[in-house]
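Dear colleague,

Please find below the structure that I am handing over to you, together with its sequence. I should be grateful if you would read the notes beneath it with the coordinates open.

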Amino acid sequence: MVSRSPAKGGARAPDEPVNPEPSHASRGRQVIDRDPARKAERGRDRDSAADDAEPESERGPELPRFGRDGAPEPEQYTVEFEEGRIDPDAAKVVKRLTRAGYEAYLVGGAVRDLLIGRSPKDFDVATSARPDDVRRLFRNSRIIGRRFRLVHVLFGGGKVIETATFRRPPEQDSQRENEDLLIRNDNVFGDAHQDAYRRDFTINGLFYDLDHNLVLDWVGGMADIERRAVHTIGTPVVRFQEDPVRILRAIKFAAQLDLGVTPEVYDAMVQCRGALRKAARPRLFEEVLRLLRSGASRRAFWLAWETGVLDVLLPELSTYLADLPEDDNSVWRILQEVDRTTLERKSPLDDTVLWAMLLLEPMREACAGEKDRVEAAYAFLEPIVDRLNVPRRIADAVRRIVALMPRVEAGRTGRFARTQLYPALRDVVELRAAALGEREPIEGDELSAAGTSAAGEKPARKRRRRRKPRIEAG
Ligand code: ATP
Ligand code: MG
């Protein structure tokens, strides 16, 4: 077995999940002006350039002036994104807010993805305007959330631009320090810089000022985007203890965006993984599902395994992996096939299929030789359902799929072909066969019978790539 030494960031095993080489090429990377003289000077230049181009009344608002009242000043980078990369409705929201005299920025995942060269999934806005003010400015909006109120501005096609008032980081009760950092209250309004500090990772803490094409960086996010590293804002151990789900988010960003994890963050993931037991179970379920849907599940679960996070979340899977002979990489090949199919279809597989694929090999082992396979699958799944709050609907379907697989694999599909479960069952059988290269024709399978399924062809053998350990410098 490949040895795993979670305490050491450098000890990576084959299939290590983090690709150190930038793969984002230059799509959408625009002019980034990093002149340290920055800010006001450049702002003035830009404004005078704008003077030539547009009439006075259409000029953007004044450059924000940071650093007043002792507030920290952000690094500022001029970045112009190509036409069309920024959602026009998100831009509309920001501009209407700034015209009304508020501060408003694109924030979070969208800014990160634009800078990395990916298409953002959604665009979030942060503003100095209070929820009621935002609500008043946009007829097509509604306030949501009880604990922390934010505004959904609604556009055609079901598009939602989430618009949140700046929040400050939660104050830690100094007496409780080190004992219990878990955040229970994080709903106090604040300033832009405070809203940046409360975020999880530096790459997620960048603000984009659309009026001046400026990235505002209070947290060192631009440097981490450049070196392609996931690093927490502030001390990793503290940030993971405050909210252990951030450990899973670190895994997701590293895997999905093909980034490295800094050694400090890696060690903190190892150190704090036990805190995941305290996290809200529905959040754990959601985050694990996101890893599965990410198109990079193999890398994500590898990193989870390597850091020992998997021992906490899914010990059933991690002990199965630990007991496998070194040359058995079936679980990784299955996840690789899940990723390949996800990327090919450009949309995630069904949730039931994803959970079944993840747990397939240990479950098959647990059921092997059992008379009552449904019962054996039940006994295997029950602790997982408890630990991760897996919805019954999914757990029941996974159990039946695993119990019925042998029949379908033997070509005895029979009456199952007409049941609701069948499409998922067929997907699982086909994905596994494609992954492990032992596909059998499936009776009653219209998809592959019609020759439209890629799984109908003999899959190309996939090999695990062995890579040198590599973690970005911290
Ligand atoms: P994705 O593309 O997967 O949606 P995202 O970065 O947009 O990634 P979201 O879950 O949509 O992630 O969160 C939006 C932003 O909110 C993040 O970019 C981050 O700044 C902040 N955030 C989310 N979760 C946390 C958390 N647990 N702790 C601190 N900040 C968080
Ligand atoms: Mg998001």
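The notes that follow go from the chain as a whole to particular sites.

Please bear in mind that this is a predicted model. The chain has 474 residues, of which 42% count as buried. Its secondary structure comprises 19 helices and eleven strands. Among contacts between residues at least 6 apart in sequence, 68% join residues at least 24 apart.

Strand pairing around S7

Strand S7 (residues 160-165) pairs with strand S4 (residues 124-127) through four bridges, and these two strands run parallel. Within S7, glutamate 162 is the residue that stands opposite aspartate 124. Strand S6 (residues 150-154) is also joined to S7 by four bridges, but here the strands run antiparallel. Threonine 163 of S7 is the bridge partner of valine 151. S6 and S7 form a hairpin in which five residues lie between the strands. In the turn, glycine 157 has a positive phi of about 70°.

Surroundings of ligand 1

Aspartate 124 also belongs to the group of residues surrounding ligand 1. The others in this shell are Gly108, Gly109, Lys121, Arg199, Asp200, Asn204, Gly205, Asp243, Val245 and Arg246. By class, six residues of the shell are charged, four are polar and one is nonpolar.

Packing of H14 and H18

Two packed helices are described by the angle between their axes and the distance between the axes. For helix H14 (residues 330-345) and helix H18 (residues 422-436), the angle is about 115° and the axes are 8 Å apart. Their crossing is right-handed. H14 contributes Ser330, Arg333, Ile334, Gln336, Glu337, Val338 and Thr341 to the contact, while H18 contributes Leu431, Arg432, Ala434, Ala435 and Leu436. These residues divide into six nonpolar, three polar and three charged.

Alanine 71

Alanine 71 lies in the loop between helix H1 (39-53) and strand S2 (75-79). Is this residue buried, partly exposed or exposed? Alanine 71 counts as partly exposed because 13 other C-beta atoms lie within 10 Å, whereas a buried residue would have 20 or more and an exposed one 12 or fewer. Leaving aside neighbours within four places in sequence, alanine 71 is in contact with Phe66, Asp191 and His193. Of these partners, aspartate 191 is 120 residues away from alanine 71 in sequence, yet their C-alpha atoms are 9.1 Å apart in space.

Yours sincerely

Notes
Residues numbered from 1 in each chain as written. Chains lettered and ligands numbered in written order. Predicted model: local features only at pLDDT ≥ 70, side-chain atom pairs only at ≥ 80, totals over all residues. Near = placed C-beta within 6 Å. Nonpolar A, V, L, I, M, F, W, Y, C, P; charged D, E, K, R; others polar. Axes fitted to C-alpha atoms, helices over the stretch in contact; angles between N-to-C directions. Left-handed = near helix turned anticlockwise from the far one by under 90°. Contact = placed C-beta atoms within 7 Å. Pairing = 2+ DSSP bridges.
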